[in-house]
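Visitor: I should like to take a close look at one part of this model, the sheet and what lies around it. Please describe how its strands are arranged and what can be said of the neighbouring elements.

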Amino acid sequence: MSTPDVGVIMGSDSDWPTLEAAGQALDEFDVGYEVGVYSAHRTPQRMLDYAREAAGRGLKVIIAGAGGAAHLPGMVASATPLPVIGVPVPLKHLDGLDSLLSIVQMPAGVPVATVSVGGARNAGLLAVRMLAAGDPALQQRMTEFQADLERLVHDKDAALRA
Ligand code: RP5
């Protein structure tokens, strides 16, 4: 089986209900992805192996979600040249603020494109945009998606005014 374009990884399978929306967005654009659990704290070597091998295997973008002391996206970004999109997963306490701050506040030189708390759908859409930069057909689909969004707002506006 060939390597898909996107890796959707998370610190625990308990993150999947949040990360699932990234997969759904990728599905909407027929972008292939793989899914896996790689914990920065519980399986550090496995996480590093994944990050170091990702580009060589042919992945192009990594979406990494984690909650609490959410070190997965940053650690993965430190070990791959690929763009990494971080998804802060909200847990029971602190409403995901802990996850957000753990992911967003990266040292200079090691970027993680952080989306909002629970913003996995936008992570998926951002991955599509990154891939579309080198794929005119995919970019056309993104343009159409944006036009649909605009139409939706116009329709809702018209419905409110009616
Ligand atoms: C983090 O710890 C994971 O990303 C998850 O959000 C959180 C809790 O993990 P579990 O205890 O549910 O496995 O590393």
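Guide: Strands β3 (residues 61–67) and β4 (residues 84–89) are joined by six bridges and pair in the parallel sense. Within this pairing, A66 is placed opposite P88 of β4. This is a predicted model, with a mean pLDDT of 97 for the chain, and 100% of the residues reach 70 or more. The scores for the model are ipTM 0.96 and pTM 0.96.

The two strands belong to an open sheet of five, ordered β2-β1-β3-β4-β5 and paired in parallel. Because β2 (33–37) and β5 (113–114) stand at the edges with a single partner strand each, one side of each has no neighbour in the sheet. Helix α4, residues 97–104, lies across β3, β4 and β5, and its direction makes an angle of about 160° with β4.

The ligand can be described from the same region. A66 and V89 are among the residues around it, as are G67 and G68. The list further includes M10, G11, S12, S14 and D15, together with S39 and L91. By character, this shell divides into six polar residues, four nonpolar and one charged.

As to the wider setting, an unreviewed UniProt entry places the feature "domain: PurE" at residues 4–153. Over that stretch the chain is 49% helix and 17% strand, and the C-alpha atoms at its ends are 33 Å apart.

Methods
Residues are numbered from 1 along each chain as its sequence is written. This is a predicted model: local features need pLDDT of at least 70, side-chain atom pairs count only at pLDDT 80 or more; totals for chains, interfaces and linings use all residues. A residue is near a molecule or strand if its C-beta atom, placed from the backbone, lies within 6 Å of it. Ala, Val, Leu, Ile, Met, Phe, Trp, Tyr, Cys and Pro count as nonpolar, Asp, Glu, Lys and Arg as charged, and the others, Gly among them, as polar. UniProt positions are given in the numbering used here, feature names are shortened, and annotations may be inferred rather than shown by experiment. Helices (H or I, at least four residues) and strands (E, at least two) are DSSP runs, numbered from the N terminus. pLDDT is the predictor's confidence in each residue, from 0 to 100. Two strands pair if DSSP finds at least two bridges between them. Two residues are in contact if their C-beta atoms, placed from the backbone, lie within 7 Å. Axes are lines fitted to C-alpha atoms, for helices over the stretch in contact, and angles run from 0 to 180 degrees between N-to-C directions.
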